[in-house]
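Reader: I'm new to this one. Could you show it to me and explain the terms as we go?

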Amino acid sequence: MLESVGALTGSPWIYAVVALSVLLDVFLPVLPSGVLVITAATAAAASSTTVTANPGEATQQVPSLLVLTLCAATASVLGDLVAYRLAWRGGDRLDRAIARSRRLTTAQERLGAALSRGGGALVVIARFAPAGRSVVSLGAGAAHRKVREFLPWSALAGVAWAGYSVSLGYFGGQWLGASWLGTAVSVLALFLAGALAALVVRRPPHARRAPVVTGAPAGS
């Protein structure tokens with residue numbers, strides 16, 4: 001598999017495959033878009049270390065990694081916007097579907113509160129959680145949040161996720177080579193970040209405030 005992806009990395013088709021996978025996984029979270037990004041970056045990084053005899057050929061891998069990051073980030077934002085707009089126009093049927101899902105209802109409430117406070121970091125964190133991107137994008141659209149409240153955070157989330165995934169693949173390929181071990185370690189790091197993000201997203205917001213002590217000070 002790594003050899004096949006490594007051959008594909010030198011072709012423009014790798015960008016189309018990555019972009020399509022990232023674009024669609026907002027609707028099909030089972031798509032391994034993160035694994036694909038990591039595997040492509042691992043193959044690109046490993047192949048760049050083997051072409052030491054020709055420095056010009058080695059430097060050609062750097063734009064490939066940059067373009068890979070841009071493709072993944074752009075596709076992530078576009079997918080978010082498509083889901084957002086579909087949920088915005090979903091009407092009563094989508095509202096009933098969300099009402100039947102406790103997960104979507106909770107996410108919609110938390111997202112609305114976070115965005116209204118300017119705390120859209122929840123959008124960024126949810127991008128790393130399993131299916132978190134889908135829940136947040138659909139929740140923002142169904143709640144009719146303003147696009148200027150959602151889009152900047154979606155863009156930041158896409159860049160952060162793409163940069164993190166490509167970096168994992170790059171350093172894994174540099175340190176461990178284009179092997180199953182290198183890819184597995186990088187994918188494990190991605191899954192650990194997703195698990196941590198899921199814990200943060202599911203954590204209920206702090207609604208309690210410190211009690212205010214009233215009355216005269218002691219000894220007065």
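Author: Here is a short run of questions about helices, the core and the pocket. The model is predicted, so to speak of local features needs pLDDT of at least 70 and side-chain atom pairs pLDDT 80 or more, while totals for chains, interfaces and linings use all residues. Residues are numbered from 1 along each chain as its sequence is written, and side-chain values use heavy atoms, with hydrogens and water left out.

Reader: What makes the elements here helices or strands?

Author: DSSP runs do: H or I over at least four residues is a helix, E over at least two is a strand. The protein has 11 helices and zero strands.

Reader: Why is a set of residues called a nonpolar core?

Author: Because its members are buried Ala, Val, Leu, Ile, Met, Phe, Trp, Tyr or Cys, joined through side-chain atoms within 4.5 Å. Buried means under 20% relative accessible area, with a 1.4 Å probe and protein chains only. The largest such core has 27 residues, and Val18, Val22 and Trp161 are among those that touch the most other members. Helices giving two or more residues to this core include α2 (13-24) and α5 (61-88).

Reader: What does Val22 touch?

Author: Contact means heavy atoms within 4.5 Å. Leaving out residues up to four places away in sequence, Val22 touches residues including Val37, Ala72, Arg127 and Trp161.

Reader: Which classes of residue line the largest pocket?

Author: The lining has 11 nonpolar, five polar and three charged residues. Here Ala, Val, Leu, Ile, Met, Phe, Trp, Tyr, Cys and Pro count as nonpolar, Asp, Glu, Lys and Arg as charged, and the others, Gly among them, as polar.

Methods
Buried means under 20% relative accessible area, exposed over 50%, partly exposed in between (1.4 Å probe, protein chains only).
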